[in-house]
Amino acid sequence: MRYILIGRGKMGRLIQETAQAAGDEIEAAFGRKDLDQLGKLGKAADVVIDFSRPEALPEICSYVRRTGTPLLSGTTGFSSDQMRQLEALGSFAPVLWSANFSLGVAVLYRALAAVSEVLKPDFDIELTETHHNQKADAPSGTAKLLLEAIDPAHALTPVYGREGNAGRRRKDEVGVHALRGGTVAGTHTVHFLGPGEELEFTHRAASRQIFAGGALHMARLLPGKPNGVYDLQKILFGE
């Protein structure tokens, strides 16, 4: 496989090392300072892999629209408008975006979707996430992904941390709490707190390697697919 990489941060470098170790070719790699050079390339790779920042999106969109190169993106922190721009690229190429490419998180998402509707009437739900001290966005993209699994109809009101005397916890809210420190690759816990019992689901990433391996696995599935926006869950579970 031949890739164009967007992002020279820790994830970008790890993806590059992992891809090359597997015998794949990196045709080009761009960071913030030279991303404008992407516009000078023709269709030079099988897939564009983006693990950068939201502000890189215009250059990436321009390239994908012009060349039709499949895009896999793990960038988080997109606004609603930026997500619409990303999804619009499905008219020009196969596009896959996910906040997390871990197989364990994919299974956790599925488990939460299955149990949440059963527990929501009687249980309070709180979500905590912990990342390293260089994490740019809060809450994390994975936290938002898990929140979507818990509450796909958006019937609950997210409360991001709590402060002061705001009264008792309402039944229609879900707490979302972000911790930052050290070198934590990523820990996410969903707490279901009911009358007389508690249930917790936790995923801990011991290393960023799981995200790099998962992203490359999915990238290899994109070439040859019809144009469109693809869902990680549906691809993994054959739906």
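**Exercise 1. How much space lies in the largest pocket, and what lines it?**

Work from the coordinates above, bearing in mind that this is a predicted model.

*Step 1.* Start with the volume: about 1,000 Å³ of space lies in the largest pocket.

*Step 2.* Now list the lining. You should get 41 residues, with Gly-9, Lys-10, Met-11, Phe-51 and Ser-52 lying nearest the centre.

*Step 3.* Ask which helices take part. Helix H1 (10-21) and helix H5 (141-150) each give at least two residues to this lining, and H1 has the largest share, with 3 residues.

*Step 4.* Sort the lining by class: 20 residues are polar, 13 are nonpolar and 8 are charged.

**Exercise 2. Do the job again for the second largest pocket: which elements supply its lining?**

*Step 1.* The volume here comes out at about 880 Å³.

*Step 2.* The lining has 29 residues. Those nearest the centre are Met-83, Trp-97, Lys-144, Leu-145 and Glu-148.

*Step 3.* Go through the elements. Helix H3 (80-88), H5, S7, S11 and helix H7 (232-236) each bring at least two residues to the lining. The largest share, 5 residues, belongs to H5.

*Step 4.* By class, you have 15 nonpolar residues, 9 polar ones and 5 charged ones.

*Step 5.* Put the two pockets side by side. H5 supplies at least two lining residues to the largest pocket, and H5 also does so for the second largest pocket.

**Exercise 3. Work out the order of the 6 strands in the open sheet with parallel pairing, and find its edges.**

*Step 1.* Trace the pairing from strand to strand. The order is S2-S1-S3-S4-S5-S11, and the pairing is parallel.

*Step 2.* Look for strands that pair on one side only: these are strand S2 (25-30) and strand S11 (228-230), the edge strands.

*Step 3.* Check the twist. On average, neighbouring strands of this sheet are turned by 20° against each other, direction ignored.

*Step 4.* Zoom in on one pair. Strand S3 (residues 47-50) and strand S4 (residues 71-73) run parallel and are joined by 3 bridges. Within that part of the model, Ile-49 has Leu-72 of S4 standing opposite.

**Exercise 4. Which strands stand at the edges of the sheet with 5 strands, and what does that leave them without?**

*Step 1.* Get the order first: S7-S8-S6-S9-S10, an open sheet with mixed pairing.

*Step 2.* Read off the ends. S7 and strand S10 (197-204) each have a single partner strand, so one side of each has no neighbour in the sheet.

*Step 3.* For the twist, neighbouring strands of this sheet are turned by 20° on average, again with direction ignored.

*Step 4.* Take S6 and S8 as a sample pair: they are parallel and share 7 bridges. Ile-125 has Val-174 in S8 as its bridge partner.

**Exercise 5. Count the salt bridges, then explain what the pair Glu-126 and Arg-162 ties together.**

*Step 1.* The count for the structure is 15 salt bridges.

*Step 2.* Pick out the pair. Glu-126 and Arg-162 form a salt bridge whose closest N and O atoms are 2.9 Å apart.

*Step 3.* Place both residues. Glu-126 sits in strand S6 (residues 124-131) and Arg-162 in the loop between strand S7 (157-160) and strand S8 (173-180), so the salt bridge ties together parts 36 residues apart in sequence.

*Step 4.* Are the partners buried or exposed? Glu-126 has a relative accessibility of 10%, and because buried means under 20%, this residue counts as buried. Arg-162, at 44%, is partly exposed.

**Exercise 6. Where do Glu-129 and Arg-180 lie, and how far apart in the chain are they?**

*Step 1.* Confirm the contact: their side chains meet in a salt bridge, 2.7 Å from N to O.

*Step 2.* Glu-129 is in strand S6 and Arg-180 in strand S8, 51 residues apart, so to speak a link between distant parts of the chain.

*Step 3.* Add accessibility. Glu-129 is buried at 0%, whereas Arg-180 is partly exposed at 30%.

**Exercise 7. Which residues join Glu-173 and Arg-170 in one network of salt bridges?**

*Step 1.* Begin with the pair: the side chains of Glu-173 and Arg-170 meet at 3.5 Å, N to O.

*Step 2.* Glu-173 is buried, with a relative accessible area of 6%, while Arg-170 is partly exposed at 42%.

*Step 3.* Follow the shared partners. The network also takes in Asp-124, Glu-126, Arg-162, Arg-169, Lys-171 and Asp-172. That brings back Glu-126 and Arg-162, the salt-bridge pair from Exercise 5.

Conventions: Residues numbered from 1 in each chain as written. Predicted model: local features only at pLDDT ≥ 70, side-chain atom pairs only at ≥ 80, totals over all residues. Heavy atoms only, no water. Salt bridge = Lys/Arg side-chain N within 4 Å of Asp/Glu carboxyl O. Helix = DSSP H or I, 4+ residues; strand = E, 2+ residues; numbered from the N terminus. Buried < 20%, exposed > 50% of the residue type's maximum accessible area, 1.4 Å probe, protein only. Pairing = 2+ DSSP bridges. Axes fitted to C-alpha atoms, helices over the stretch in contact; angles between N-to-C directions. 1 Å grid on protein atoms, 1.4 Å probe; cavity = no way out; pocket = protein on both sides within 12 Å on 5 of 7 lines; lining within 4 Å. Points joined across faces, edges and corners; volume = space filled by probe spheres on them. Nonpolar A, V, L, I, M, F, W, Y, C, P; charged D, E, K, R; others polar.
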